[in-house]
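Dear colleague,

Please find below the structure I would like to hand over to you, together with its sequence. My notes on it follow directly after.

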Amino acid sequence: MLVLFETAAGYAIFKVLNEKKLQEIDSLWKEFETPEKANKIVKLKHFEKFQDTTEALAASTALVEGKISKNLKKILKKIVAKDAHEQLAVADAKLGGVIKDKLNLSCIHSPMVTELMRGIRTQMEGLISGLPAKEMAAMCLGLAHSLSRYKLKFSPDKVDTMIVQAISLLDDLDKELNNYIMRCREWYGWHFPELGKIITDNLTYCKCVQKIGDRKNFSCSDLSEVIPEEIEEEVKAAAEISMGTEVSEEDISNIQHLCDQVIEISDYRAQLYDYLKNRMMAIAPNLTVMVGELVGARLIAHAGSLLNLAKHPASTVQILGAEKALFRALKTKHDTPKFGLIYHASLVGQTTAKNKGKISRMLAAKTALTIRYDALGESTSAEMGAENRLKVETRLRHLEEKGIRRISGTGKAMARADKYQHKSEVKTYDPSGESTLPRVPKKRKIEVEEEEEVPAPKKSKKTKVVEIKVEEEAAIEDEQNDDESVKKKKKKKDKKHKAQEEAVLVEEDEEEPSTSIAVENTEKKKKKKKKIKEEPKDDD
């Protein structure tokens, strides 16, 4: 029996010397405790060493995929074909099937073979001669790194760390440039304050100061390379009548040195932006097409890496960068933010304030798809990003124009376009809200207006007399009504008094049984006394 053993250094083919001991699988490990015992079981027949790491990587990837590499095919034809009658022990059953189909060699794979492979691996240094342990360890490490890069589709062009550092440096440069330019304008403004109002561009301002220096030199200098002729004439006229103070040559030299720094940093910033643009197109082309270089780079930097960004859902991508506002809204129970860093994308900037939330939500959904395609896909084309951007643009156009929308579902039927009708209500101004007088009821107001509109007819003497009589009768009736109301009140009071008296009588009746006996006793005593007094009189 022959054994095919793969190592990081090359292929090894062993000859099994004692096949009877292989039958005892449980105790087979004892035969490989020492190199001497191992040499009694197997013997090295041939060892084919790899020339470099690339060859080792190609061989290992072929073994992982269950294929035969060119080197392995040559070895099997040369060495194993001589002993074609013997079986070949392999570690992978799939590889054994491929060898059997292409080379007509009988292959075997069983638990016995796995135990044998484990024993050979433990005593590999003693069984394979001419291979130092350090060299073997170095080749194992190199192959492990190469294989991991291959499995992860690793490429130096896909290093997103450079993007994170570049966008951070770009933001820092912008801050430093603003500080330097403001310092330069304030410093040179003491000498020539009118120049800052005439030249608004910061870089042009610094170039003018760096080229001229003292304001007296403006009249005899040529600035056509820096500014247009009209502005140049205006600057020269302002230099002659400037209100600024005089400064020394040393001060001017320091200001010019600061202007040199500003110009150099501006040039480097432009170069860094081009570098960032190229890296973004290489690493995340679809993301770049969707939201632009700067926004895409800031999203990657905020998430830490492109792979981490790909793990975020679309809802997180939408508000990425607005974490403070989100947690403040959750704490105070207010509305959560609708967008974060994605707000600076050109598609969101084109929309009106009413539709910014809708477009940012749709853009975040499409951006999440493009990020995953860039991070985990193999192609480097930007077709997917262009298609998704076109969809967002059409959606934006429909929202802005309120045009035809595709019906959800099959997507075949189209919605009919209705005629546009202006349905806005025209409201009139109500001046009654400004009045401070007490409000009059509507009905009363209408009656008053009608009375004002209809002129009152002239009354004759007879009608006046009739009206006076009617008024007198009405007064009499009112007096009678008042008397009747007074009588009714008196009756009510009398009823109340009677009810109270009856209640008192009832209480007294309840008390009578207890007091009647005492009253009778007192009456009897009085009668006795009267009789006693009357008896002496009768005797007389």
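I begin with strand S2, residues 10–16, which is mostly covered: of its seven residues, six are buried. Please bear in mind throughout that this is a predicted model.

Strand S2 has pairing partners in S1 and S3. Strand S1 (residues 2–6) runs antiparallel to S2, and five bridges join the two. The connection from S1 to S2 is a hairpin through three residues. Strand S3 (residues 42–49) also pairs with S2 in the antiparallel sense, over seven bridges. Lys 15 illustrates the arrangement: this residue of S2 is the bridge partner of Leu 2, and Lys 15 is also paired with Lys 43 in S3.

For the protein as a whole, the computed figures are as follows:

- The secondary structure consists of 22 helices and five strands.
- Of the 540 residues, 31% are buried.
- Among contacts with a separation of 6 or more, 64% are between residues 24 or more positions apart.
- The exposed surface amounts to about 37,800 Å², of which carbon and sulfur atoms supply 53%.

Turning to the interior, the largest nonpolar core contains 61 residues, and the members touching the most others are Tyr 188, Leu 195 and Phe 218. The greatest contribution to this core comes from helix H12 (residues 249–283), with 11 residues. A further core of 25 residues lies apart from it; Ala 12, Val 16, Val 113 and Ile 120 are among its members.

Which residues does Tyr 188 touch, leaving aside those up to four places away in sequence? They are Leu 195, Tyr 205, Val 209, Gly 213, Asp 214, Arg 215, Phe 218, Ile 252 and Ile 255. Two of the residues named here, Leu 195 and Phe 218, were listed above with Tyr 188 for touching the most other core members.

One backbone feature may also be of interest to you. Lys 333 has a phi near 60 degrees, a positive value in a residue other than glycine. As a general rule, most residues other than glycine have a negative phi. Lys 333 is placed in the loop between helix H17 (323–332) and helix H18 (346–350). Is Lys 333 buried or exposed? Its relative accessible area is 77%; exposed means over 50%, so Lys 333 counts as exposed.

With kind regards

Definitions and conventions: Residues numbered from 1 in each chain as written. Predicted model: local features only at pLDDT ≥ 70, side-chain atom pairs only at ≥ 80, totals over all residues. Heavy atoms only, no water. Core = buried A, V, L, I, M, F, W, Y, C linked by side-chain atoms within 4.5 Å. Buried < 20%, exposed > 50% of the residue type's maximum accessible area, 1.4 Å probe, protein only. Helix = DSSP H or I, 4+ residues; strand = E, 2+ residues; numbered from the N terminus. Contact = heavy atoms within 4.5 Å. Areas by Shrake-Rupley, 256 points an atom, 1.4 Å probe, with all protein chains shown as cover. Pairing = 2+ DSSP bridges.
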